[in-house]
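Me: I'd like to go through the labels on this model and ask what backs each one. Here it is.

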Amino acid sequence: MGLPCAGPFFCLWTGMAGILISPSILSADFASLGQEIRAIDAAGADFIHVDVMDGHFVPNLTIGPPVVKALRAHTDKPFDVHLMIAPVDPFIAAFAEAGADILTVHPEAGPHTHRTLQAIRAAGMKPGISLNPGSPAVLAEPLVDEVDLILVMSVNPGFGGQKFISSQLRKIEQLRTMIDATGRDIHLEVDGGVTPETARQCVDAGATVLVAGSAVFKGGPEQYKTNIENLRPKRFI
Ligand code: DX5
Ligand code: ZN
């Protein structure tokens, strides 16, 4: 499945200017996940963000490959799978088989992230890395050539509905500079506490993809389109 390109201003692949919105299904109705995915797809989601937690790397448990596989039939949009698990390597093949498009891992979950990223690409997915709020941008430097996406956690991972940590804006700027220096098409994604207001700040700092759970799913399905539109800074619509 082709991914929209990462340029924040104009995409030569799709001819679209825009910021991509990746709704986190952590805030969806888990009793009706297939229906929820179809609703956010129809409402204009660009990616579908799937938060995978193991109760060990983060203090919460969610879903794994069988659920991703079951959801695959409900949308053609790329599955942006955020792994908050340790270890990662034993599950790479299962996520590829389940239909994940982007597989993002935390270097903090270690120990051999460089090898893990190569294994993700070899399995046919786009590799991403995610940095916790307490991790510096420089952690991404030795890995940047291996990734198609860098995710900045703007809350501590584990739960939806937390408050945006503003100190992460500086890290987004630093990563934007790092990405631009590569000349490669690498998405810069922000996850946690994204609202229409913080979305603008993230985009100003250089983000190209915004993950949002509570801000997309609040108000129920009739609100999803408006909620998604409200997250795209006006100059990108
Ligand atoms: C947190 C997850 C996020 C979270 C975002 O560990 O990675 O994707 O669901 O939820 P909101 O947008 O409510 O902060
Ligand atoms: Zn996430």
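Reply: Sure, and keep in mind that this is a predicted model. One definition to start: donors are N, O and S atoms within 2.8 Å of the metal, and water is not among the atoms.

Me: What makes His49, Asp51, His82 and Asp191 donors of the zinc ion (ligand 2)?

Reply: Distance. His49 (NE2), Asp51 (OD), His82 (ND1) and Asp191 (OD) lie 2.0 to 2.3 Å from the zinc ion, and the cut-off is 2.8 Å. Along the sequence these donor residues follow the spacing H-x1-D-x30-H-x108-D. Asp51 in strand β2 (residues 48-53) and His82 in strand β3 are 31 residues apart, so this pair links distant parts of the chain.

Me: Why is the arrangement around the zinc ion (ligand 2) called octahedral?

Reply: Six donors count as octahedral if opposite ones are over 155 degrees apart and all others between 65 and 115. Here the six donor atoms subtend angles of 67 to 168°, which makes the arrangement octahedral.

Me: How do you know whether Asp51 is buried or exposed?

Reply: Buried means under 20% relative accessible area. Asp51 has 7% relative accessibility, so Asp51 counts as buried.

Me: And what about His82, buried or exposed?

Reply: His82 has a relative accessible area of 0%, so His82 is buried too.

Me: What makes the peptide bond from Gly110 to Pro111 cis?

Reply: Its omega is near 0°. Pro111 sits in the loop between β4 (102-105) and α4 (113-122). A cis bond also joins Ala86 and Pro87, with omega about 0°, and Pro87 is in the loop between β3 (79-84) and α3 (92-98). Most peptide bonds are trans.

Conventions:
Residues numbered from 1 in each chain as written. Chains lettered and ligands numbered in written order. Predicted model: local features only at pLDDT ≥ 70, side-chain atom pairs only at ≥ 80, totals over all residues. Heavy atoms only, no water. Helix = DSSP H or I, 4+ residues; strand = E, 2+ residues; numbered from the N terminus. Donors = N, O, S within 2.8 Å, 3.2 Å for Na, K, Ca; no water. Tetrahedral: all angles 85-135°; square planar, octahedral: opposite > 155°, others 65-115°. Buried < 20%, exposed > 50% of the residue type's maximum accessible area, 1.4 Å probe, protein only.
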